[in-house]
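Let's take a walk through this structure together, with an eye on its aromatic rings. Have the sequence and the 3D view ready.

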Amino acid sequence: MALPSSDLGDGTYRNPVLDADWSDPDLLRVGDDYYLTASSFGRVPGLPLLHSRDLVNWTLVGHALQLLEPAKEFRRPRHDCGVWAPSLRHHDDRFWIFWGDPDQGIFQVNAPEIRGPWTRPHLVKQGKGLIDACPLWDEESGEAYLVHAWAKSRSGVKNRLTGHRMRPDGTGLLDEGKVIVDADRLPGWFTLEGPKLYRHDGWFWIFAPAGGVETGWQGAFRSRDFFGPYEERVVLEQGGTEVNGPHQGAWVRTQHGEDWFAHFQQRGPYGRVVHLQPMRWGHGGTSRSSEAETGGGWPVLGDEGAPVAVHKKPDLPPQPPSAPATDDDFPGGRFGRQWQWTANPQDGWATQHSADGLRLTCVRTVDAHDLRKLPNVLTQRLPGIAATVEVELSLSSEDLGARAGLAVLGDAFSWIGLQRGEGGSVQLVHRFAESVADREREGAHPVEAPGGRARLWIEIGAGARCRFFYDVGGGRQPSGQVFAATPWRWVGALLGLFALAPVGGGHAGAASFTQFRITATP
């Protein structure tokens, strides 16, 4: 099962169409099918792959990246690193994804089908601060190109786009690169990034946002030559709407000739949710440069350049309502595609068996006091609506201090679960850590948990304010104070399941999770 679709059932849809942290989306059509990928940063598997037939109802069908590389760099959590702003393309009967790792360089993977098998990551360009890479195979000239942005935190450079000629097989670049858009020369433009490169109507087009993720705008640039000069327009901004910073996305044309644009909106602890805007070609947009040319043929997004909240669906065959899965019974101990580890996983963290339920090994660690440092937290995205999270937990480890639980994980975290105490008893515990704290502390007084079992709930309210509940046999009880979920710098808050044990010798046992559910709150 999944949370509600954005399909209103009357021929219209509401935004966001993906109401969770599907950050920096890129969009592609192949035949009658639409595919979307998004940033996955330091979580594994990475590069999620979503599928739709109508651009409104989506399902998660897999991931293109099974391990982050170099693998040794991601043995520990690096929550805001890894995969930034991927681009998804189809060329020469293969799917291609290019992305920038701000600490390593520009990578690509490719596959004959969207479900794989995908190649291992190939380093196209090495360097610090190279982000938001996008390729283009130009059918008119037979040339291949690549554009990317810059992360000032690694390179000291920002607000510009660099272009390269690329080998047609995507394995490398053919020149040293040239700055093709320097936004420092455009009055009022700052933090230009996230370019998506297209060829249309004899022009090279770059769709790229600026102004920062929370309050920025979407720009479009065009030139007759890939290396410029480019003229620009602002084609989407908040205007009088409640959609702050409509930002960084992708253009797609349907098989019936309609144009649509998907972008994100930064929503604090919920991360970057995805909106879908109608698009047409005309005389829309505004220039922030006095030197920009006049003329038509510019994209007009949303309602004359402002985001739409509700709109008629694309003219595509009706589809049953769907949204990416959240619930899981963990059949045979296997977890669904919606789950990701907080770092490259090791064998034995989750074990398969003949029944339902997720069996997590209590991994021994010196970091038992801080979930943010653990690579073995199994996570999924925090829903962008009011919802209740529920799971059954049993702790079978006999090791003193072994524990397992359900967490809301971000720059601050809070969790509720079970811990093995003195004399073999099991207690229901609730702990949290503020963002400035280096270790967790009690969020409520411990409660005995007979039989080492508990039912756990998190009620997520407005503003991602979370309340925790439990049942250890005496009925549902509240626990602790309200906890406001917090994001990392670039990543929204996560829901997590974990099991751990203090440092020691031998196998520390396991914990089992069953019947994981997320239910929208009326």
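Is W251 buried or exposed? With a relative accessible area of 10%, W251 is buried, because buried means under 20%. Do keep in mind, as you look around, that this is a predicted model.

Now let's see the company that W251 keeps. A search of the whole structure finds 27 aromatic pairs. To describe such a pair, one gives the distance of the ring centres and the angle of the planes.

Start with W205 and W281: their ring centres lie 5.0 Å apart and their planes meet at 70 degrees, so this pair is edge-to-face. It links distant parts of the chain, as W205 belongs to strand β15 (residues 203–210) and W281 to strand β20 (residues 272–282), 76 residues apart. The two partners differ in their surroundings: W205 is buried, at a relative accessible area of 1%, whereas W281 is partly exposed, at 23%.

W281 also pairs with W251, and here the centres are 5.3 Å apart with the planes at 70 degrees, so this pair is edge-to-face too. Again distant parts of the chain are linked: W251 sits in strand β18 (residues 247–253), 30 residues from W281 in strand β20.

Step back a little, and these rings turn out to belong to a wider group. Y198, W205, F207, W251, F261, W281 and W298 make up one aromatic cluster.

Finally, have a look at W203. Over the face of its ring lies R222, at 4.1 Å from the ring centre, and R224 lies over the face of W203 as well, at 3.7 Å from the ring centre.

Note on methods:
Residues numbered from 1 in each chain as written. Predicted model: local features only at pLDDT ≥ 70, side-chain atom pairs only at ≥ 80, totals over all residues. Heavy atoms only, no water. Phe/Tyr/Trp six-rings, centres within 6.5 Å; stacked < 30°, edge-to-face > 60°. Helix = DSSP H or I, 4+ residues; strand = E, 2+ residues; numbered from the N terminus. Buried < 20%, exposed > 50% of the residue type's maximum accessible area, 1.4 Å probe, protein only. Lys NZ or Arg CZ within 6 Å of the ring centre and 35° of its normal.
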